[in-house]
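Me: I have a model open and would like to go through the reasoning behind its labels. Could you take my questions one at a time?

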Amino acid sequence: MAISSAVDPSVLHERREQRLILMLLAPALLVVIGLLIVPLCWLAWQSFRQDGGFTLAHYARFVSDDVYWRTFLQTFRIAFVVTVATLLLAYPVAYVAASASRRMSILILAMVILPFWTSVLVRSYAWLILLQRRGLVNSALDGMGLIDQPLILVNNELGTVIATTHILLPFMVLPLYAAMQKIPADLMMAGSSLGGSPAHVFWRVFLPLSLPGVLAGTVLVFVLALGFYITPELLGGGRTYMVSMLVSRNIELYSEWGAASSISVVLLLCVFGIFRLASMIIPFERIMGAR
Amino acid sequence: MKPSKLILNGTVGLILLWLIIPVVIVMPMSFSSARFLSFPPPSWSTRWYEAYLASAAWMDATKVSLTLAVLSAVIATVLGTAAAYALNLSGSKLVRNLQVLLFLPVVVPIIITAVGVFVVYANVGLLATMTGLVLANVMLGLPYVVTSVLVGLRKFDPAQEMVSRSLGMNRLRTFFIVVLPQIRPSVISGLLFAFISALDETVVALFISGGENQTLTKRMFTALRDEIDPTIAAISTLLTATSFLVVMLVALSARNDSARVVADDDA
């Protein structure tokens, strides 16, 4: 029995457990590795290659070609405006949802979640109809006598910002609501019973406690906006040029894999960098809403 | 009600209206008789639905999209549930990092994912195939299933599993008889979300679908770039209705779950 006593049964059990965990994870991981990790590595490799040799030419274009940095600039500007707009719109919604009666907050959340699960393509199309020259918005404004000529709301950056803000608003409301819901009502009550005015209690107690939600929502919306494709493609009218479109043009029109790869790598680094920075403050899983 | 509160509630009401109008506005417009989409429609008709149903191209695309959504949702649910169960079982740091890997499909900008999948498929000959479409959508659906099932597992009391196994039931049977029935609402939510995600997916499909296997969303997107065809309003309405139905089913499954918990507590 010398052999069997050499291996501690609990270690054996531990090993079996480890093997089981790996076996259960393997199929899902294989799909993600095969269809995402491997091609990402290939893109990174490709971004340094030209005619079978090493090159930095694809990255040099970020300095020399103004289309590149202008596209990145416009993308960051749109993402920034959209993030600020969603935050301003989402905060009161989440606040009311978190402080309202159960029934009311379910109703509000339902109105946030329904658009969330509606196709991005369909919502972009809806905005195309609403904002076009003779669309609902222009005819309503005209009917009220507010404008003489239809406003140009679509086929430009404004249309893209409006629709993107609309599409990403739920991504801001939900983390905000999750954070606000955890703020105990007693704390607010204690604040006001100690003589704080409602505004004072809000600024000094509620707002700071809601900041983790603000951060999670901000990161999520900003990163998603950076990678937006369908909406600017449909509502930008060729004048709004975002990074995703630069990637797709380089492949569809010019078959420029090196260029497309270097742009993808830079965009990806921006995204990962932002997540990395944010995860120093709050855990990644909380941003993704897993908890 | 105090005036400040009134203003706040009024503002929130307006924001919610702004949120919901673009989602529902397509519905009345799809019943317009006019070629040009104005609101309110000059008169009502179902001609765009008839045009959709009569078009072989739209019907084929619908079949492709539905088939791929059902297949990828089922596969993503099986793989995702297994992965979530394993993640929940393990406390090691390595496995935690693997979890981040499973969330990558929602983190990586979709255009980059699309290009990446295109490259892989071009090399292995999966472009414009149903298998390729399903696999890509399994990957995109995994994060929804894993998240949803993990939430369910965290609420589940692991002692029950231990009891069942100490009574001699093996792990697999324990999972199907003890664990699965209790996390069923989370699994169903994951399945439904993966279904909707696959049905609505557009960007990856633009790159990898084609020929006989062209998805509904790819066809819609391509048509939209050329003109505002009211047939798309009809299809959009159907897609939106499907989303609403799915969200309602998820809510229903969650409510049954909490109702059952209450009933158990009373017993």
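Me: What share of the contacts in chain A with a separation of 6 or more comes from residues 24 or more positions apart?

Reply: Happy to help, and please keep in mind that this is a predicted model. In chain A, 73% of the contacts with a separation of 6 or more join residues 24 or more positions apart. A contact here needs C-beta atoms within 7 Å. For chain B the corresponding share is 76%.

Me: What makes B:Q182 partly exposed?

Reply: B:Q182 has 18 other C-beta atoms within 10 Å. Buried needs 20 or more and exposed needs 12 or fewer, so a count in between is called partly exposed. That is why B:Q182, with its 18, gets the label partly exposed. B:Q182 sits in helix α9 (residues 171-200) of chain B. B:Q182 and B:G152 are 30 residues apart in sequence, with their C-alpha atoms 8.2 Å apart in space.

Me: Why does A:D51 count as exposed?

Reply: The limit for exposed is 12 or fewer C-beta neighbours. A:D51 has 6 inside 10 Å, so A:D51 counts as exposed. Its place is the loop between β1 (49-50) and β2 (53-54) of chain A. The backbone is worth a look too: A:D51 is not a glycine, yet has a positive phi of about 45 degrees.

Me: How do you know that A:S255 is exposed?

Reply: By the same cut-off of 12 or fewer: A:S255 has 9 other C-beta atoms within 10 Å and is therefore exposed. A:S255 lies in the loop between α12 and α13 of chain A. A:S255 also has a positive phi, about 50 degrees, although it is not a glycine.

Me: How much of each chain counts as buried?

Reply: Buried residues make up 42% of the 291 residues in chain A. In chain B, 45% of the 267 residues count as buried.

Me: What is the radius of gyration of chain A, and how does it compare with a compact globule of 291 residues?

Reply: Chain A has 25 Å, whereas a compact globule of 291 residues would be near 19 Å. The rule behind the globule value is 2.2 Å times the number of residues to the power 0.38. Set against that rule, chain A exceeds the globule value. The box filled by its C-alpha atoms is roughly 95 × 70 × 30 Å along the principal axes. Chain A is also divided into domain 1 (1-46) and domain 2 (66-287), and the C-alpha centres of these two domains lie 38 Å apart.

Me: What makes up the largest nonpolar core, and which residues touch the most other members?

Reply: A nonpolar core joins buried residues such as Ala, Val and Leu through C-beta atoms within 7 Å. The largest one holds 162 residues, and A:V93, B:A83 and B:L142 touch the most other members. Helix α4 (residues 56-89) of chain B gives the most to this core, with 15 residues. From chain A, domain 1 (1-46) and domain 2 (66-287) each contribute at least three residues. The contacts of B:L142 reach both chains: leaving out residues up to four places away in sequence, B:L142 touches A:A28, A:V31 and A:V32, and in chain B, among others, B:A76, B:L79 and B:P105.

Me: How do the residues of the side of chain A that touches chain B divide into nonpolar, polar and charged?

Reply: There are 51 nonpolar, eight polar and two charged. Asp, Glu, Lys and Arg count as charged, and Gly is among the polar ones. The contact takes 61 residues from chain A and 68 residues from chain B. On the side of chain A, α2(A) gives the most, with 15 residues.

Me: How do you know that residues 20-45 of chain A are helical, and what does UniProt call them?

Reply: The span is 100% helix and 0% strand, with end C-alpha atoms 34 Å apart. In an unreviewed entry, UniProt lists residues 20-45 of chain A among those under "transmembrane region". For chain B, an unreviewed UniProt entry gives that annotation to several spans, including 66-88 and 134-153. Residues 66-88 of chain B are 100% helix, with end C-alpha atoms 32 Å apart. Residues 134-153 of chain B are likewise 100% helix, with the ends 27 Å apart. Overall, chain B has twelve helices and zero strands, while chain A has 14 helices and two strands.

Methods: Residues numbered from 1 in each chain as written. Chains lettered and ligands numbered in written order. Predicted model: local features only at pLDDT ≥ 70, side-chain atom pairs only at ≥ 80, totals over all residues. Helix = DSSP H or I, 4+ residues; strand = E, 2+ residues; numbered from the N terminus. Domains from an automatic or database assignment. Contact = placed C-beta atoms within 7 Å. UniProt positions renumbered as here; feature names shortened; annotations may be inferred.
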